[in-house]
Amino acid sequence: ARGAGYRTKEGVYSVFQKTKAAISTQFNNAPMPDALFFNNGAAVHYSQDFAVQGYSGSSHGCVNIRDRGRMDWLFNQVPVGTPVVVY
């Protein structure tokens with residue numbers, strides 16, 4: 001299955017880095033706009049792929065957001081240190 005083995009790891013984390021225009025060097029230089037990193041390379045970020053394909057696509061462990069405007073707003077509101085709970 002597409003994305004098999006790339007589940008977002010459950011746990012309690014915190015945002016440790018914010019990057020406005022991140023690029024995934026691990027996965028084909030995929031853009032990760034408005035990235036809120038919370039677990040190594042995993043981040044909450046806008047995903048054009050998710051916006052187009054929805055749940056028929058997949059992430060590589062990140063939390064993908066399909067609304068660019070809302071993700072931009074969230075990026076501007078969330079400070080480093082904000083808790084992130086994945087369940």
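**Note on the strands, cores and salt bridges**

1. Strands S2 and S3 form a hairpin in which five residues lie between the two strands, and within the turn Asn28 has a positive phi of about 55°. The model is a predicted one, and the points below should be read with that in mind. Strand S2, residues 17-24, pairs with S3 in the antiparallel sense over seven bridges, and Gln17 has Phe37 as its bridge partner in S3.

2. On its other hairpin, S3 runs antiparallel to S4, to which three bridges join it. Two residues stand between these strands, and here Asn40 takes a positive phi near 55°, while Asn39 stands opposite Ala42 in S4. S3 is mostly covered, since seven of its ten residues are buried.

3. The largest nonpolar core has twelve residues, including Tyr13, Leu36, Phe38, Val44, Met71 and Val86. Strand S3 (30-39), strand S4 (42-46), helix H2 (68-77) and strand S6 (83-86) are the elements that each give two or more residues to this core, and S4 gives the most, with three residues. Apart from this core lies another one, of six residues, among them Ala22, Ala35, Phe37 and Cys62. In soluble globular proteins, nonpolar side chains tend to be buried together.

4. Phe38, a member of the largest core, is a useful residue to inspect. If its neighbours within four places in sequence are left aside, Phe38 is in contact with Thr8, Tyr13, Ser14, Val15, Phe16, Ala43, Val44, Val63, Val84 and Val86.

5. Not every nonpolar residue is covered, as Val85 in strand S6 shows: Val85 is exposed, with a relative accessible area of 54%. Together with Val12 and Tyr87, Val85 makes a nonpolar surface patch of about 430 Å².

6. The whole structure holds four salt bridges. In one of them, Lys20 meets Asp72, with the closest N and O atoms 2.3 Å apart, and this pair links strand S2 to helix H2 across 52 residues of the chain. Lys20 is partly exposed at 38% relative accessibility, and Asp72 is also partly exposed, at 27%.

7. Asp34 forms a salt bridge with Arg68, the closest N and O atoms being 3.7 Å apart, and the pair links strand S3 with helix H2 over 34 residues. Asp34 is buried, with a relative accessible area of 0%, whereas Arg68 is partly exposed at 40%.

8. The side chains of Arg70 and Asp67 also meet in a salt bridge, at 3.8 Å from N to O. Arg70 is exposed at 62%, while Asp67 is partly exposed at 32%. Salt bridges with shared partners join Lys20, Asp34, Arg68 and Asp72 into one network.

Methods
Residues are numbered from 1 along each chain as its sequence is written. This is a predicted model: local features need pLDDT of at least 70, side-chain atom pairs count only at pLDDT 80 or more; totals for chains, interfaces and linings use all residues. Side-chain values use heavy atoms; hydrogens and water are left out. A nonpolar core is a set of buried Ala, Val, Leu, Ile, Met, Phe, Trp, Tyr and Cys residues joined through side-chain atoms within 4.5 Å. Buried means under 20% relative accessible area, exposed over 50%, partly exposed in between (1.4 Å probe, protein chains only). Helices (H or I, at least four residues) and strands (E, at least two) are DSSP runs, numbered from the N terminus. Contact means heavy atoms within 4.5 Å. Patches are made of residues with over 30% relative accessible area and no salt bridge: like charges are joined within 9 Å, nonpolar side chains (Val, Leu, Ile, Met, Phe, Trp, Tyr) within 5 Å. Accessible areas come from the Shrake-Rupley method with a 1.4 Å probe; for residues, only the protein chains shown count as cover. Two strands pair if DSSP finds at least two bridges between them.
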